[in-house]
Structure formats: structure tokens, C-alpha cells
Amino acid sequence: MTAIHGADSEVGRLRTVMLHRPGNELKRLTPRNNDKLLFDGIPWVARAQEEHDAFAEALRSRDVEVLYLTDLLTDTFETAEARDSAIATALADLDLGDTMRHYLGGFLHDASPSELTGYLTAGIRNDEVRGGFGLVTSLMARDDFLIDPLPNLLFTRDSSVWVHDRVAITSLAMPARKRETQLTEIIYSLHPRFAGTPRIHGHHFEHVEGGDVLLLAPRVIAVGVGERTTPAGAERLARQVFEAKLADTVLAVPIAQERATMHLDTVCTMVDVDKIVMYPNVADSLMAYAVTADGATDDGTLILAVTPAEPFLVAAAKAMGIDTLHQIDTGLDPVTAEREQWDDGNNTLALAPRVAVAYERNDETNERLEDAGIEVVRIAGSELGSGRGGPRCMSCPVARDPLAV
Ligand SMILES: NC(=[NH2+])NCCC[C@H](N)C(=O)O
């Protein structure tokens with residue numbers, strides 16, 4: 001059976017989503033490594049799992065099929081090809097040295113599919129394999145990781161993103177997250193469910209993270225350019241979506257290179273075909289460069305036309321062919337807005353037009369959404385939020401009903 005996958009908007013009825021239930025990788029966080037691993041605190045893991053289970057249940061109760069990244073990975077590890085490839089990429093790190101690489105290779109090859117998934121997500125610490133394995137293990141600190149843990153795997157929106165019927169394996173900018181796409185690459189290449197799925201982008205390309213990619217309308221894509229997605233990444237994505245005829249306009253949207261606005265979806269997300277929840281403190285200054293395809297050179301390279309920057313909401317409405325893209329503000333005043341933006345008040349996951357999942361803590365933003373006619377499905381996120389990501393970051397929509405008719 002071939003499943004139909006893909007998404008042409010952020011709001012079409014959600015059918016299938018990929019999540020990652022937080023696991024042992026979160027138990028690797030300590031006060032000494034949490035900054036480097038991009039967490040703002042040390043989450044209480046059991047509670048984070050409960051919150052995540054409730055999130056998944058809220059989705060299932062609305063007939064959304066929930067796929068777990070680790071289940072898909074474990075399925076693919078039933079084949080030797082997938083195991084060999086995952087082990088080889090995980091061990092390519094030059095810090096390991098041949099002796100340790102050889103030892104770990106044997107150890108991982110002996111592991112069962114689910115154990116292998118565990119090692120590749122939670123990582124392996126030096127002191128977990130100590131004892132006679134050579135110079136590297138003797139000289140490295142006990143708490144150094146031979147294979148890094150991936151606590152940000154939770155944010156499945158960043159490591160892959162669907163654009164129409166194609167999946168993009170992204171190219172993650174932060175060292176702590178690079179290995180995540182080794183896993184999404186394996187799933188989309190080798191899991192039977194995804195066999196033959198056409199692809200764009202890839203982890204060897206310029207940096208693009210899924211949290212920066214906003215499918216504003218079936219033929220209009222906004223791409224945040226800031227701490228994660230680079231200008232060259234946005235250009236690469238534009239070329240690919242034009243070549244594959246997936247969009248007519250790509251809006252490149254510069255965002256401040258700061259932690260609070262690491263991705264475009266920390267500032268705004270779509271909640272209806274013409275409504276966007278947006279951080280008001282940046283709304284007026286957010287600009288967009290509209291990129292379109294303008295013929296090709298003799299050797300077939302697309303020529304990209306770029307308009308001068310315009311206010312984002314104006315450029316977006318124009319590209320979407322609507323009069324106004326209505327803005328719903330985060331918070332009631334600038335201070336609440338700043339607090340609720342930080343707590344991912346803008347980071348909603350639409351289940352259908354005018355139905356969105358949001359963190360319950362952001363009272364004022366949620367009220368404003370409801371005043372604007374949006375049904376808010378509230379979830380708890382006290383622990384999940386410590387990684388600075390909300391419902392949208394924690395979900396990769398794999399299938400949505402198309403908006404285009
Ligand atoms: N799409 C998003 N906003 N993702 C949030 C990712 C949070 C993660 N801790 C990071 O810093 O990368």
C-alpha cells in the first residue's frame with residue numbers, strides 16, 4: 001500500500017504527524033552541558049513524557065495518525081543496509097580514532113534494532129565503555145560522549161519538512177543537532193512506508209531548518225533567515241522548489257539572530273488560511289524579500305528575481321493573492337507578549353483551519369486566538385518547554401489535506 005504523504009499548507013486538515021517522545025537522551029542533560037545542548041534548564045523527564053503523551057493523545061483524539069520517529073527508525077533497522085549505514089555515519093566522527101571506532105562498530109552491530117535506536121538517540125558516554133579500548137578512551141574525560149545524545153530530536157519539525165509531496169531532509173546549523181538528520185535521512189530513504197518519496201534538499205546542502213519553513217499557502221513559502229537558516233540556504237530552497245514547480249514565490253524573511261527568535265515559527269505561525277499569530281514586538285519591523293523564478297541561463301540554471309524588501313504581512317498577502325493576512329497578536333501588552341513569545345505562544349500547530357494546538361500557559365495569547373475565532377487545543381508544556389519549542393516545533397506534519405483544489 002502506498003500512503004499519500006505531503007502538505008501544501010500549515011493549516012490543511014492534519015492527517016499524519018511524526019513526533020518524538022522524549023526519552024533517555026533528555027537524561028543526559030546536566031547543568032554543565034545544557035547550554036551547548038540547546039536546553040534552558042534540566043527537564044524533569046518523566047513529567048516531560050507525560051506532557052508529551054497528552055500532546056500525542058490530543059492529536060489522536062482528533063483522528064491524527066501519530067508516528068514516532070524512534071519506531072520508524074527501529075523498523076528500518078530490521079535491514080542490514082539501514083543498520084550498516086546508520087552505524088557508519090554515527091562512527092565517522094574523527095574524534096573517535098580507529099581503535100574505539102572498531103570496538104564501537106562491533107558493539108553496535110551486535111545490538112538489536114531497538115537497542116541501536118537507543119544508542120543513536122541517547123548517545124554513549126566514554127565511561128559506559130571504559131576498560132582496555134585504547135588511547136582515546138584513556139585520554140578522553142569520563143563524561144565525554146563518544147556518540148552525542150540528541151535531546152533536540154523532540155523538535156521533529158526542524159530535521160525534516162514536507163513541501164507538497166516531497167520531503168526535505170534539512171541541514172541543521174547547530175553542532176548539537178547535526179546528527180539528527182542522519183536519522184531522518186535513514187528513515188526517509190529506507191523505511192518501506194516512505195520508499196520512493198521524492199526529495200528536495202539534504203543535509204549536505206546549505207543550512208535550512210524546518211522551523212524556518214512556513215507554507216503560507218499552496219504556492220507560497222516563507223523562509224526565515226537568521227540564526228539557523230542562512231541566506232544561501234534560503235536561496236537553495238527557493239531554487240529547488242521552483243525547479244520542482246512546488247511554489248511560485250518564496251519570501252525570505254530576515255529574523256534576529258537570537259535564541260528567542262531562532263526560527264521563524266517562534267515569531268509567527270498560521271492558524272487559518274488568512275490568519276497568523278504573530279509576535280507584535282517584531283511585527284512592524286519584519287520584512288520580506290519576494291523571490292521568484294525569472295527564466296534560466298543557457299546552461300539551464302534558474303535565474304532568481306528578488307524584489308526589494310517589503311513589510312512581511314504586505315508581501316505575504318500579495319504573494320498569497322489575498323487582501324489581508326490578518327495578524328493575531330501574542331499577549332496584550334509588550335511585556336506579556338515578550339514573556340509569551342519566549343514560552344512559544346506563537347508556536348502553534350494547526351490541526352485544520354481555525355483549530356490550533358498551543359501551550360496552555362500562554363493565557364493571553366490563547367484568549368486572543370479564541371477571540372479571533374480560533375479553537376485552541378491547550379496542552380501542558382512546563383517541562384517540554386525547557387527546550388524552547390512548542391507544539392509546532394515538536395511535530396513534523398507528514399500528511400495534511402491539500403488546500404489547493
Ligand atoms: N522550530 C523550532 N522553533 N524549534 C525549536 C528548537 C529548539 C531547540 N532547543 C534548538 O535550539 O534548536
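**Exercise 1. Describe how α2 and α8 pack in this predicted model.**

Solution.
Step 1. Start with the geometry. The axes of α2 and α8 are 9 Å apart, at an angle of about 60°.
Step 2. Classify the angle. Roughly parallel needs an angle under 35 degrees, and roughly perpendicular runs from 65 to 115. The two helices are therefore oblique to each other.
Step 3. Give the handedness. The crossing of α2 past α8 is left-handed.
Step 4. List the residues. From α2 come L72, L73 and T76; they meet L183, I186, I187 and L190 of α8.
Step 5. Sort them by character. This contact holds six nonpolar residues, one polar and no charged.

**Exercise 2. Work out how α3 is oriented against α8, and which residues make the contact.**

Solution.
Step 1. Locate the helices. α3 spans residues 80-90 and α8 spans residues 180-190.
Step 2. Read the geometry. The packing angle is about 160°, and the axes lie 10 Å apart.
Step 3. Apply the cut-off. Angles over 145 degrees count as roughly antiparallel, so α3 is roughly antiparallel to α8.
Step 4. Add the handedness. α3 crosses α8 in a right-handed sense.
Step 5. Name the contact residues. α3 supplies E81, A82, S85, A86, T89 and A90, while α8 supplies Q182, I186 and L190.
Step 6. Sort them. Five are nonpolar, three polar and one charged.

**Exercise 3. Characterise the packing of α2 with α5.**

Solution.
Step 1. Locate the helices. α2 covers residues 69-76, and α5 covers residues 113-122.
Step 2. Read the geometry. The angle is about 125° and the axes are 8 Å apart.
Step 3. Classify. The roughly perpendicular range ends at 115 degrees, and roughly antiparallel needs over 145. α2 and α5 are therefore oblique to each other.
Step 4. Give the handedness. α2 passes α5 in a right-handed crossing.
Step 5. List the residues. T70, L73 and T74 of α2 meet P113, S114, T117 and T121 of α5.
Step 6. Sort them. The contact has two nonpolar residues, five polar and no charged.

**Exercise 4. Decide how far α8 is enclosed, and find what covers it.**

Solution.
Step 1. Recall the cut-off. A residue is buried if 20 or more other C-beta atoms lie within 10 Å of its own.
Step 2. Count. Nine of the 11 residues of α8 are buried, so the helix is largely enclosed by the rest of the structure.
Step 3. Name them. The buried residues are E180, T181, L183, T184, E185, I186, I187, Y188 and L190.
Step 4. Find the cover. It includes the helices α2, α3, α5 and α7 (156-159) and the strands β5 (160-163) and β6.

**Exercise 5. Place I169 and trace its contacts.**

Solution.
Step 1. Find the element. I169 sits in strand β6, residues 166-169.
Step 2. Judge burial. I169 has 27 C-beta neighbours inside 10 Å, so it counts as buried.
Step 3. List contacts beyond four places in sequence. I169 touches S160, T181, T184, E185, Y188, R199, H201, G202 and H203.
Step 4. Check one distance. I169 and Q182 are 13 residues apart in sequence, and their C-alpha atoms are 9.1 Å apart.

**Exercise 6. Is C393 buried or exposed, and what surrounds it?**

Solution.
Step 1. Note the record. An unreviewed UniProt entry annotates C393 as "active site".
Step 2. Find the element. C393 lies in the loop between β19 (375-379) and β20 (396-400).
Step 3. Count neighbours. There are 27 C-beta neighbours inside 10 Å, so C393 counts as buried.
Step 4. List contacts. Beyond four places in sequence, C393 contacts F155, R157, D158, G211, D265 and N347.

**Exercise 7. Set out the surroundings of D40 and H326.**

Solution.
Step 1. Place D40. It lies in the loop between β1 (14-19) and α1 (45-60).
Step 2. Judge D40. It has 13 other C-beta atoms within 10 Å, so it is partly exposed.
Step 3. List the contacts of D40. Residues up to four places away aside, D40 touches S386 and R388.
Step 4. Place H326. It is in strand β16, residues 326-329.
Step 5. Judge H326. With 16 other C-beta atoms within 10 Å, H326 is partly exposed.
Step 6. List the contacts of H326. Residues up to four places away aside, H326 touches D274 and K275.

Notes: Residues are numbered from 1 along each chain as its sequence is written. This is a predicted model: local features need pLDDT of at least 70, side-chain atom pairs count only at pLDDT 80 or more; totals for chains, interfaces and linings use all residues. UniProt positions are given in the numbering used here, feature names are shortened, and annotations may be inferred rather than shown by experiment. Helices (H or I, at least four residues) and strands (E, at least two) are DSSP runs, numbered from the N terminus. A residue is buried if 20 or more other C-beta atoms lie within 10 Å of its own, exposed if 12 or fewer, and partly exposed in between; C-beta atoms are placed from the backbone. Two residues are in contact if their C-beta atoms, placed from the backbone, lie within 7 Å. Axes are lines fitted to C-alpha atoms, for helices over the stretch in contact, and angles run from 0 to 180 degrees between N-to-C directions. A crossing is left-handed if the near helix is turned anticlockwise from the far one by less than a right angle, and right-handed if clockwise. Ala, Val, Leu, Ile, Met, Phe, Trp, Tyr, Cys and Pro count as nonpolar, Asp, Glu, Lys and Arg as charged, and the others, Gly among them, as polar.
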